[in-house]
Structure formats: C-alpha cells, structure tokens
Amino acid sequence: MTDQALRSRRIDRAATGSKASRHGDWVIHLVLAAAAVVMVAPFVWQLLTIFKSNREASQVPPTLLPEDPTTGAFGTFFGSVPFWAQLTVSVSALVLRVIGQLTVSALAGYAFARLRFPGRRLLFGLFIAMLMVPSQLFLIGQFGIIRDFGMLDSIPALAIPGMFSAFGIFLMRQAFMSVPAGFEEAARLDGAGPLRTFWYVMLPMARPTMAALAVLTSLYSWNDLLWPLIVTPRGDKRPLTVGLAGLQGQFGTDYPTLMAGALVASLPLILIFLVLQRQFFSGIASSGLKG
C-alpha cells in the first residue's frame, strides 16, 4: 500500500471519528437540555402561579397561563407574615451558623489532616459514622441542652446546633490533605507553629472549599424548618421558613400567596450562590479527591 493510500485511509478514519464525536456531542446536549427543562419547569410554574387568582390556581384541570394577571399575592404575603422581623432572624441565624461552622470545621479538619495525636483515626471514624445517623435523632438531646442554657426563643438557639457538622469537618479535612506537604514544611523551617501555619499557609489555600461549605451551610440554615419550630415558639422570633409554612391552612391554601412568599424568601439564597458560585464549584471539584 502506497503512502498516499495510507494517508487517505487515515483522513477517512479521522473524518469518521469526527462525525461520531459530533453525533455523541449532540446526544449529550439533548440529554442536558431535557434535564434543564425538567429542573426549570417547577420554577416557571411557581412564577406563573404568583400572577393567578386563588380560584384559578386551585382549579382542575390547571391552567398554564393566568387569565387575568394580578400582583395581589405579594401584598397578601407581606400583610400576612411579619416579613422583616422573620427575615432578620433568618439572616442573623444564617450568618452566625456559617461563621461558627467554618471556624469549627476548618480547625477540626486541619487537626485531623495534619496533626498527629493518639486516637486520631478512631475519632475521625466516629465523626464519619455520624453522617449515617439521621439528624432527627439528635433533636431531643439538642433541645434539652438549649433549654437548660435558657436560650429558647433566641437566634443562638437556631444557630448553635448547626455549627457542628461532621460533613463540614470531613470536607475541610479532604481540602487540607490535598495541599502539598512542602508548604507546611517550609513554614516550619521559618519557625511557624501549628496555628500560624494553619492561618497563614493552609487556610488561604482552602478558600474555595470554605466557599463551597459556606454555600451549603447557608442552604441548610435557610431551609431549616423542624428545628426552628421546636425552639422558637413565638412568631416574631421565628425564621422566614416557619412563616411560609404558616401560610398553608388546614382546610385550604392560598397558593399564589405561598408561591410569592417562596419566591421572595429564595432571593437572598440565590444572591449568595451568585456571589460565591465560582469558588463553590472550584471547592467541590478540588475536595474529596484524596483520601
């Protein structure tokens, strides 16, 4: 076989492979587009329901577009819920919980990843075992502690139990273990102790993972419903999620008002994600890859 024939065969194979690759890309894009439609559809339905009347939102079969669009659901929501008081509680509890969990998880993760002390593996194994235990099993014990300290109906009662997370400690441990040991050794040669090494060397290199943990913690804190119902009996001391749950009546629900409240309540969390999205994806991609 001549060189020209070999060259022609290689070109044909490359063209065939390129066509197959393009066909595979189209299939992947179609699957992703279908998944995106499925994920976005509930949000579009929520937006359309906001501008419907309660009668129209409850009728069967349901209608897609509102017949007579109205924005009255927003006025009903702000008139039914102490929005600003509950928003203040939600934001305060979120900030306190995020700061506390980042502090605890970073310190504990660094200790498990870099320090050597007796029982380190056993203790970390116990932390990992806690991930398999439903969080509802801790409610009675946590409520007893909060009650004995006299912190019921307060923002610390909402935030303190969420500051301690086995998942957060695991995530930060994986982040610190992925840092090359040479950085830590260089800091030790310069006379830095464990705390200075942690603060000036290790912590800056784990910022993407901390941003990811901050977003996840914000999500859990903002959407928490069961724990606030237990420790905050008074309405003005409850977070916004409890206020939204109160819009669901026993015999009927004003769905446009509920959807309007859900949209307003989700805006701060969307803002947090938009601000930290780059660090979030970077932290998720770089964590958990090294045991």
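Here is an informal look at the pockets, the cavity and a surface patch in this structure, which is a predicted model.

Let's begin with the spaces and their volumes.

| Space | Volume | Lining by class |
|---|---|---|
| Largest pocket | about 950 Å³ | 22 nonpolar, seven polar, two charged |
| Second largest pocket | about 250 Å³ | four nonpolar, two polar, no charged |
| Largest cavity | about 110 Å³ | six nonpolar, three polar, two charged |

**The largest pocket**

How many residues line the largest pocket? The count is 31, and the ones nearest the centre are Arg 97, Ser 135, Gln 142, Pro 161 and Phe 164. If you want to trace the walls by helix, look for α4 (83-114), α5 (120-130), α6 (139-148), α8 (166-177), α11 (207-223) and α12 (226-231), each of which supplies at least two lining residues. In terms of class, 22 of the lining residues are nonpolar, while seven are polar and two are charged.

**The second largest pocket**

Move on to the second largest pocket, and you'll find about 250 Å³ of space. Its lining is made of Met 39, Phe 43, Gln 46, Ala 262, Ser 266 and Ile 270. Two helices, α1 (3-50) and α14 (255-286), each give at least two residues to that lining. There are four nonpolar and two polar residues here, and no charged ones.

**The cavity**

Besides the pockets, the model has one cavity of 30 Å³ or more. Which residues line the largest cavity? They are Val 89, Ser 90, Ala 93, Arg 97, Leu 158, Ser 221, Trp 222, Asp 224, Pro 228, Pro 239 and Thr 241. Helices α4 and α11 each give two or more residues to this lining, and α4 gives the most, with four. Sorted by class, the cavity lining has six nonpolar, three polar and two charged residues.

Arg 97 is worth picking out on the structure: it is one of the residues nearest the centre of the largest pocket, and it also lines the largest cavity. Helix α4 turns up in both places too, supplying at least two residues to the lining of the largest pocket and four to that of the largest cavity.

**A patch on the outside**

Finally, turn to the surface. Phe 117, Leu 122, Leu 123 and Leu 126 make up a nonpolar patch there, and together they have about 370 Å² of accessible area. Leu 126 sits in helix α5, a helix that also supplies at least two residues of the lining of the largest pocket.

Methods:
Residues are numbered from 1 along each chain as its sequence is written. This is a predicted model: local features need pLDDT of at least 70, side-chain atom pairs count only at pLDDT 80 or more; totals for chains, interfaces and linings use all residues. Side-chain values use heavy atoms; hydrogens and water are left out. On a 1 Å grid over the protein atoms alone, a cavity is a set of points where a 1.4 Å probe fits but cannot get out, and a pocket is an open set with protein on both sides within 12 Å along at least five of seven lines; lining residues have an atom within 4 Å of a point. Grid points are joined across faces, edges and corners, and a volume is the space filled by probe spheres set on the points. Ala, Val, Leu, Ile, Met, Phe, Trp, Tyr, Cys and Pro count as nonpolar, Asp, Glu, Lys and Arg as charged, and the others, Gly among them, as polar. Patches are made of residues with over 30% relative accessible area and no salt bridge: like charges are joined within 9 Å, nonpolar side chains (Val, Leu, Ile, Met, Phe, Trp, Tyr) within 5 Å. Accessible areas come from the Shrake-Rupley method with a 1.4 Å probe; for residues, only the protein chains shown count as cover. A salt bridge is a side-chain nitrogen of Lys or Arg within 4 Å of a carboxyl oxygen of Asp or Glu.
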